[in-house]
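Visitor: I'd like a close look at just one residue and the part of the chain around it. Could you take me through it slowly?

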Amino acid sequence: MDAPLGAAVAPGDPLLGPADRTAVPLAELRDRPLICPPRGTGVRAALERGCARAGFRPRVAFEAASPQVLAQLAARGLGVAVLPLGEEGSGVGDGLRALRLVGAGLRARIVLARPATGSTGPAARALLDRLGDALPDVPESAGAGAGAGSPV
């Protein structure tokens, strides 16, 4: 899955600007405290690459692996949560507004890699079945060469 990165902010945050604003340039996050996933995740790597291209280092105030925790921290006014946006660019919850981050390469890729051969145990089969139901249809051959993307 491939999704644009967004900035989730609490109501009244100056980043929101006009009521109809749906996107914000990454450069506007330059001096803002950010709430994002830890290093080693695709979201964090995309954020750091984008910030470097924009000429600054992100000011990370809080890290959390869970998108829900990121949103909860932002809802308390502790910073701007950087996370992948859903299909509609919404769904961040906690009364937050989501703004698409504008800049080259500001996308998150979520990749599932599994062995091409061999058997899987019951837990792995159950996980694959659940993911197969929840994720968009992807051809079986798309798994070949997995690992080329940035896991989230």
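Does Arg44 count as buried or exposed, and at what relative accessibility?

Guide: Before we zoom in: this is a predicted model, so to speak of local features we need pLDDT of at least 70, and side-chain atom pairs count only at pLDDT 80 or more, while totals for chains, interfaces and linings use all residues. Residues are numbered from 1 along each chain as its sequence is written, and side-chain values use heavy atoms, leaving out hydrogens and water.

Now to Arg44. It counts as buried, because its relative accessibility is 4%. Here "buried" means under 20% relative accessible area, "exposed" means over 50%, and "partly exposed" is in between (1.4 Å probe, protein chains only).

Where does Arg44 sit? Its place is in helix H1, residues 42-54. Helices (H or I, at least four residues) and strands (E, at least two) are DSSP runs, numbered from the N terminus. H1 has 13 residues, which at 1.5 Å a residue should span 18 Å, and that agrees with its end C-alpha atoms being 18 Å apart. The expected span is 1.5 Å times one less than the number of residues. Just after H1, Gly55 takes a positive phi of about 90°.

Arg44 has company in being buried: Gly42, Val43, Ala46, Leu47, Gly50 and Cys51 are also among the buried residues of H1. An α-helix has 3.6 residues a turn, so residues three or four places apart point the same way. The buried residues of H1 pack against strands E1 (2-9), E3, E4, E5 (80-84) and E7 (107-109). For contrast, look at Arg53, also in H1: with a relative accessible area of 55%, Arg53 is exposed.

So what does Arg44 touch? Leaving aside residues up to four places away in sequence, Arg44 is in contact (heavy atoms within 4.5 Å) with Cys36, Pro37, Pro38, Arg39, Val60 and Glu63. With Glu63 there's also a polar contact of 2.6 Å between the two side chains. A polar contact is a pair of N or O atoms within 3.5 Å; within protein, one must be able to donate a hydrogen and the other to accept it, and residues adjacent in sequence count only if both atoms are side-chain atoms.

Let's step back to the strands. E3 (residues 33-36) and E4 (residues 59-63) run parallel, joined by 4 bridges; two strands pair if DSSP finds at least two bridges between them. Val60, one of the residues Arg44 touches, is the bridge partner of Leu34 in E4, and Pro33 stands opposite Arg59. E3 also pairs with E5 in the parallel sense, over 2 bridges, with Leu34 opposite Val80 there.

Put E3, H1 and E4 together and you get a right-handed β-α-β unit. Right-handed means that, with the strands pointing away from the viewer, the path from the first strand over the helix to the second runs clockwise.

Finally, the whole chain: 3 helices and 7 strands, following the pattern β-β-β-α-β-α-β-β-β-α. Of its 152 residues, 32% are buried.
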